[in-house]
Amino acid sequence: MEPTPINLNNRRILLGITGGIAAYKAAELTRRFQDQGADVRIIMTRSATEFITPLTMQALSKHPVHLDLLNPDTESVMGHIELARWADLILIAPASANFLARFASGHGDDLLTTVCLAAECPVAIAPAMNQAMWSKAATQSNRSTLLSRGAHILGPDEGLQACGETGAGRLMAVDDLVLRASALFSTGALQGKTVVITAGPTREAIDPVRYISNHSSGKQGYALAAAASDAGAHVILISGPTHLAVPDRVTAINVVSALDMHEAVQSVIDQADIFIGVAAVADYRPTIAANQKIKKNQDGQRSLTLEFIENPDIIKAVAQRPDRPFTVGFAAETEHLETHAKQKLVNKQLDLVVANNVANTDIGFNADDNAITVVYHDGSRVLPMMSKRALSERLVEIIAQRLSST
Ligand code: C5P
């Protein structure tokens with residue numbers, strides 16, 4: 001059976017192209033990675049540009065091609081260290097004998113070797129050259145050196161070469177390169193899954209300048225979004241107003257009111273494998289939001305009465321869908337944590353409820369730490385006080401385990 005490439009959604013591949021007749025295959029390779037969902041950026045050596053134009057690669061990758069070390073234009077877009085940090089995988093295809101020699105001897109005098117030196121992510125090299133060049137002791141020794149330092153060498157294939165000779169030295173077939181490169185990504189617990197998360201407070205308008213809200217900071221929801229994304233998921237974060245930065249690779253949809261949040265969730269929920277409702281959604285909103293600012297002491301009134309109407313229960317609506325995702329709710333409680341969480345699990349038909357004690361001001365709402373009890377239909381687990389980030393990683397593991405056993 002044909003092995004299928006893993007999902008490369010949100011994966012960042014830095015493709016280095018060196019000078020060789022196989023450079024034209026980098027165009028097809030870029031397209032194939034993009035078909036799997038990867039974001040591809042390109043570095044070309046000067047000699048690569050003799051074989052395929054940077055314009056072609058720019059049009060395909062939809063980003064400026066990086067050609068020179070310390071070029072003010074491209075360095076200002078993304079400098080060489082940033083490029084190295086940006087990548088989840090660096091693949092050099094085709095890699096010339098010259099590149100192998102320069103990388104093996106630790107050179108850092110052009111952009112590609114410098115980025116490879118600075119890289120902390122896996123580096124894969126797909127050599128392509130004349131068979132005699134490949135078989136030379138110098139090239140084989142460079143290959144061994146690079147392998148011993150942790151580089152992945154993909155190919156080369158054997159066969160008829162552009163120079164008319166036959167032997168080992170052809171660039172590995174594009175299909176195989178995609179498969180082999182895909183396999184180098186660490187497959188996190190939520191690889192290939194889409195997770196929709198709500199976070200933060202909602203604001204319910206009273207008039208154009210006033211609203212009712214709560215103290216939710218959004219920290220727990222954002223931390224979960226980061227942890228799910230690190231575990232390989234495509235994360236859609238639907239957030240009420242917060243001051244937090246959107247985590248790397250997470251798609252954010254900003255909303256204000258509970259009605260907005262409900263609408264945003266409904267618009268993406270059919271993509272979701274997992275829904276996590278972390279938002280502190282206002283249960284009620286003013287029945288009428290005044291069009292103009294409400295004036296003080298109007299008609300001598302010394303009191304003001306507002307009428308409220310119930311907001312939709314966003315998570316309940318998700319859980320009631322026939323094709324429901326694995327649905328996780330949060331429960332902020334001040335007492336009888338587990339009992340109340342269990343009730344919520346049943347009443348809202350959830351798969352899992354995360355309960356935290358908001359009576360303790362060191363944890364919960366605005367704090368950086370949290371301690372939770374995870375409640376599911378056939379049991380529960382207590383996770384002691386730790387940072388919201390560490391807690392999120394543990395929670396992602398639990399969710400992934402339970403999802404795979406449903
Ligand atoms: O009912 P309660 O507000 O205690 O439930 C909390 C859980 O329900 C949280 O997961 C929260 O995000 C979600 N919720 C919601 N829509 C509401 C109220 C709460 O999705 N209107």
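Me: What makes the pair between Ile315 and the ligand a polar contact?
Reply: A backbone N or O atom of Ile315 lies 2.9 Å from a ligand oxygen atom. A polar contact is a pair of N or O atoms within 3.5 Å, so this pair counts. The model is predicted: local features need pLDDT of at least 70, side-chain atom pairs count only at pLDDT 80 or more, and totals for chains, interfaces and linings use all residues. Numbering runs from 1 along each chain as its sequence is written, and side-chain values use heavy atoms, without hydrogens and water.

Me: Which polar atoms of Phe330 and Lys348 lie 2.8 Å from an oxygen atom of the ligand?
Reply: For Phe330, a polar backbone atom. For Lys348, a polar side-chain atom. The protein buries 84% of the 450 Å² that the ligand exposes when taken alone (Shrake-Rupley method, 1.4 Å probe).

Me: Which residues are around the ligand?
Reply: Among them are Gly277, Asp283, Pro312, Gly329 and Lys344. A residue is near a molecule if one of its heavy atoms lies within 4 Å of it.

Me: Why is helix α6 called mostly covered?
Reply: Six of its eight residues, within 111–118, are buried. Buried means under 20% relative accessible area (1.4 Å probe, protein chains only). The buried residues are Leu111, Leu112, Thr113, Thr114, Val115 and Cys116. A helix here is a DSSP run of H or I, at least four residues; a strand is a run of E, at least two.

Me: What covers the buried residues of α6?
Reply: The cover includes β1 (12–17), α4 (80–86) and β4 (123–127). Contact means heavy atoms within 4.5 Å.

Notes. Buried < 20%, exposed > 50% of the residue type's maximum accessible area, 1.4 Å probe, protein only. Polar contact = N/O pair within 3.5 Å; in protein donor to acceptor, adjacent residues only side chain to side chain.
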